[in-house]
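Visitor: I'd like a quick walk through this one, mostly side-chain packing and the annotated site. Can you bring it up?

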Amino acid sequence: MTNPRQVAFIALKEVHKGAYADVALDRVLQKYKLPDNDRRLMTELVYGSVRRQRTLDAIIDQLATKKNQQQPKDLRTILHLGFYQLRYQERIPVSAAVNTTVELAKENGFPGLTGFVNGLLRQYLRLAEKSSEPLKLPENTVEKLGILYSFPDWIIEVWLSQLGFEETEKLCNWMNQTPTIDLRVNILHSSLEEVKSAFESAGVLVKPIPHLPQALRLIGNNGAIQNLPGFHGGWWTVQDGSAQLVAHLLDPQPGDVVIDVCAAPGGKTTHIAELMGDKGKIYACDKTPSRLRKLKENAQRLNLQSIEICTGDSRNLPQFYNSADRVLLDAPCSGLGTMHRHADARWRQTPTSVQELSQLQKELLSHNANFVKTGGILVYATCTLHPAENEEVISAFLAANPHWQIEPPSFDFGDISTPGWLKVWPHQLDMDGFFMVRLRKTKDSE
């Protein structure tokens with residue numbers, strides 16, 4: 001089978017049954033071998049249709065108003081693909097989007113409804129000719145933004161409370177774009193200039209990221225990551241710019257004892273080792289053995305020797321008490337700062353799950369603070385933008401632990417505001433949403 005839309009339909013059916021979008025995508029790509037161009041189209045159709053699900057459903061509900069136009073689940077999935085192409089894919093000719101969607105319906109058990117599918121798509125096109133926005137939107141601001149940009153109302157409310165309308169709209173827009181890929185150059189085995197030159201010689205375009213000394217951003221489609229120059233030599237690894245900030249905030253020094261308490265799959269752990277010159281000891285802890293295997297692979301590929309893997313929940317590792325110069329708690333979180341990368345995260349998280357994560361984060365911070373020596377540093381980081389997982393966690397910790405204090409970053413990151421913590425708003429800095437704060441233990445607890 002070489003039809004990318006049919007393969008996309010199969011993957012979307014799995015997602016709608018509960019599979020994670022990336023897992024469903026990997027599964028079908030292993031089963032159905034597609035040329036690179038078709039693979040890219042299929043990936044875009046799957047992730048895009050999942051991201052834009054609420055908007056696509058609103059279009060279908062608006063156009064298919066009659067009771068006899070209620071669609072079976074698989075037919076609605078086919079309509080998602082059709083409307084996604086018409087609304088969001090300018091490079092796909094309208095005729096191709098309509099005809100292939102009608103053909104999908106015919107081939108997947110709905111030959112009697114091809115006229116309905118064709119009529120619905122063409123009805124949308126007629127509306128689009130008359131208006132720049134064919135979709136009828138409610139007056140309510142939260143609901144309007146939620147339908148227009150395809151987010152649950154509660155996420156829109158969280159952003160509006162922090163940013164206001166205009167900035168929230170910009171953030172929504174940013175979160176719906178296709179993600180970029182950033183690389184972190186391994187300065188122990190290469191240099192930014194060397195990697196950039198090797199890529200350009202291979203016809204791969206990259207650009208530096210301001211204020212990040214090891215970062216390069218890939219431009220355009222470049223095929224499989226592992227086929228790029230220097231991958232097998234450990235010259236670089238994939239890591240978003242925001243995530244690279246975290247190890248710089250920790251500022252590890254050669255010879256330090258560092259504990260990374262939620263380390264897998266190891267992006268920040270290996271960065272810490274590079275910044276230390278691979279001199280000292282890094283205990284990389286995680287309770288998931290399969291994810292730790294990935295960390296071990298990454299460390300070996302980057303030829304790093306200072307990392308020691310420790311399997312277990314960091315709340316049950318008393319042997320580390322008062323032993324570390326620096327601790328990194330890259331806490332489990334809702335991932336609301338990386339929803340452009342994880343298309344279905346916006347539909348999986350809820351206000352309840354955020355509160356549960358907040359409680360876990362408070363527990364982890366309370367326990368992991370015990371690992372730090374007097375005078376030592378702990379960095380708390382998340383890839384979410386929800387105050388309940390960020391500012392509120394830190395405020396509660398500081399209120400309960402007066403022997404800890406916030407310490408400003410020791411690096412300059414341009415115009416980013418640093419009133420104590422760093423909050424990376426993606427639409428302002430063009431990188432993943434992140435929160436991070438550097439805490440110092442000023443004396444032993446009493």
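Visitor: Which ring does the charged end of Arg346 sit over?
Guide: Keep in mind that this is a predicted model. A charge counts as sitting over a ring when, among other things, it is within 6 Å of the ring centre. The charged end of Arg346 is 4.1 Å from the centre of its ring, which belongs to Phe151.

Visitor: And which ring has Arg348 over its face?
Guide: Here the distance to the ring centre is 3.8 Å. The ring under Arg348 is that of Tyr20.

Visitor: Back to Phe151: what kind of aromatic pair does it make with Trp159?
Guide: Phe151 and Trp159 are both buried. Their ring centres are 5.2 Å apart. The planes meet at 70°, and over 60 degrees counts as edge-to-face, so the Phe151–Trp159 pair is edge-to-face.

Visitor: How many residues apart are Phe320 and Phe371?
Guide: Those two form an edge-to-face pair too, 5.8 Å centre to centre with 70° between the planes. Phe320 is in the loop between β7 and β8, while Phe371 is in the loop between α16 and β9. The pair therefore links distant parts of the chain, and its members are 51 residues apart.

Visitor: Which residues form one aromatic cluster with Phe320 and Phe371?
Guide: Both Phe320 and Phe371 are buried. The cluster they belong to also takes in Tyr283 and Tyr321.

Visitor: How many residues are in the largest nonpolar core?
Guide: Helices giving two or more residues to it include α1, α3, α5 and α7. Met42, Phe83, Leu86 and Val117 have the most contacts inside this core. Leu86, for one, touches Val94, Ala97, Val98, Leu121, Tyr124 and Leu125, leaving out residues up to four places away in sequence. The size of this core is 49 residues.

Visitor: On to the annotated site: is Ala263 buried or exposed?
Guide: Ala263 falls under "binding site" in the unreviewed UniProt entry, and its place is in the loop between β5 and α13. Beyond its sequence neighbours up to four places away, it touches Thr269, Ala284, Cys285, Asp286 and Leu295. Its relative accessible area is 6%, and the cut-off is under 20%, so Ala263 is buried.

Visitor: Which side chain makes a polar contact with the side chain of Asp313?
Guide: Asp313 is also covered by that UniProt annotation, and it is found in the loop between β7 and β8. It is buried, with a relative accessible area of 18%. Leaving aside neighbours within four places in sequence, Asp313 is in contact with Lys287 and Leu364. The polar contact, at 2.8 Å, is with the side chain of Arg315.

Methods: Residues are numbered from 1 along each chain as its sequence is written. This is a predicted model: local features need pLDDT of at least 70, side-chain atom pairs count only at pLDDT 80 or more; totals for chains, interfaces and linings use all residues. Side-chain values use heavy atoms; hydrogens and water are left out. A nonpolar core is a set of buried Ala, Val, Leu, Ile, Met, Phe, Trp, Tyr and Cys residues joined through side-chain atoms within 4.5 Å. Buried means under 20% relative accessible area, exposed over 50%, partly exposed in between (1.4 Å probe, protein chains only). Helices (H or I, at least four residues) and strands (E, at least two) are DSSP runs, numbered from the N terminus. Contact means heavy atoms within 4.5 Å. Rings of Phe, Tyr and Trp (its six-membered ring) pair if their centres lie within 6.5 Å; planes under 30 degrees apart count as stacked, over 60 as edge-to-face and the rest as tilted. A charge sits over a ring if NZ of Lys or CZ of Arg is within 6 Å of the ring centre and within 35 degrees of the ring normal. UniProt positions are given in the numbering used here, feature names are shortened, and annotations may be inferred rather than shown by experiment. A polar contact is a pair of N or O atoms within 3.5 Å; within protein, one must be able to donate a hydrogen and the other to accept it, and residues adjacent in sequence count only if both atoms are side-chain atoms.
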